[in-house]
Amino acid sequence: IHNVIFKNSNEASIVVATEIANLIKEKSQKNEQCVLGLATGSSPIKVYEELVRMHHKEGLSFKNVVTFNLDEYYPMDIENIQSYYYFMYEHLFDHIDILPENVHIPDGKISSNGLYQYCIDYEMKIKEAGGLDFQLLGIGRTGHIGFNEPGSHYNSGTRMITLDHITRVDAAPSFLGIENVPRKAITMGIATVRAAKRIVLLGWGQHKASIIKETIEGNISSQVPATYLQEHQNTTFVLDTEAGSELT
Ligand code: F6R
């Protein structure tokens, strides 16, 4: 893992958005699709804001972009404002020229009968698209990436998981109480994420400092799933001063 520390998350987000934009343009010049793995939550908001700005002000086109989101709560309706589906349209997809058929977000309403096959199909779609060129990640205080909570296997694929208590506590304010936070989610697996050609993990704020330290300096362990990224050859952690403050 390579880490870069910026004075603030605004500046850092612009650098990350620029990398994504350059990749999209490079692929477009070669008439190729650009396959992006995307995250939700507070960390990527400014990256999406900058990509939307580039679309409006600089003519950045997303016509050659295919996206796969990391995760979705389960069960969850797309109309629900807490859904990751809603989040992605609100912050990105409603404001750019991506083709609707190129957007993939795990379906929080899939029947439990169809779930197993649905997850296999999600993996297949990523492979058929040519694999993830770029994966954007945040990190949870449990060390989760996507919703791969402690205990997640190195070789895990897209599947249903049970959310860690700490993750539900962190989500409680936006759900107006922990009792409203779903107990489960569908998430891409560790193997799905590891297969990405390039990974950028965003970490902002003091509350991420100790998990960032554990992830970068600790031993690789299923108890801190983000430590699996230590074995990925092309991963950068983009941090602000606070999130990087405990690194030695
Ligand atoms: C969201 C996701 C999660 C978040 C993580 C950090 O799609 O995969 O792993 O990235 O929970 O959330 P924030 O950015 O809200 O601190």
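A residue counts as partly exposed when the number of other C-beta atoms within 10 Å of its own falls between the limits for exposed (12 or fewer) and buried (20 or more). Keep that cut-off in mind for the first view; all the views come from a predicted model.

**View 1. Arginine 168 sits in helix α5 and is partly exposed.** Helix α5 spans residues 165–171, and arginine 168 belongs to it. Because 17 other C-beta atoms lie within 10 Å, arginine 168 is classed as partly exposed. Leaving aside residues up to four places away in sequence, arginine 168 touches Leu163, Ile178 and Val181. If you also bring glutamate 101 into the frame, you will find its C-alpha atom 31 Å from that of arginine 168, with their positions 67 residues apart along the chain.

**View 2. Seven strands make an open, parallel sheet.** Follow the strands in the order β1-β10-β9-β6-β2-β3-β5. The edges are taken by β1 and β5 (103–104), and each has a single partner strand, so one side of each has no neighbour in the sheet. Zooming in on one edge, strand β3 (residues 65–69) runs parallel to β5 and is joined to it by two bridges. Here phenylalanine 68 stands opposite histidine 104 of β5.

**View 3. Helix α7 has four buried residues, Ile211, Ile212, Thr215 and Ile216.** The helix itself covers residues 209–217. These buried residues lie on the same side of α7, because they cover an arc of only 125° around the axis. It helps to recall that an α-helix has 3.6 residues a turn, so residues three or four places apart point the same way. What do the buried residues of α7 pack against? Their partners are the strands β1 (2–6), β9 (199–203) and β10 (235–240).

**View 4. The largest nonpolar core contains 64 residues.** Val16, Met88, Leu137, Val200 and Leu201 have the most contacts inside this core. Helix α1 (residues 9–29) gives the most to the core, contributing five residues. For a closer look, pick leucine 201: not counting residues up to four places away in sequence, leucine 201 touches Leu137, Ile139, Leu229, Thr235 and Phe237.

**View 5. The ligand is surrounded by 14 residues.** Which of them are the closest? They are Gly41, Ser42, Ser43, Gly138 and Gly140. Sorted by class, the shell around the ligand holds eight polar, five nonpolar and one charged residues.

Key: Residues numbered from 1 in each chain as written. Predicted model: local features only at pLDDT ≥ 70, side-chain atom pairs only at ≥ 80, totals over all residues. Arc of directions from axis to C-beta. Contact = placed C-beta atoms within 7 Å. Core = buried A, V, L, I, M, F, W, Y, C linked by C-beta atoms within 7 Å. Near = placed C-beta within 6 Å. Nonpolar A, V, L, I, M, F, W, Y, C, P; charged D, E, K, R; others polar. Pairing = 2+ DSSP bridges.
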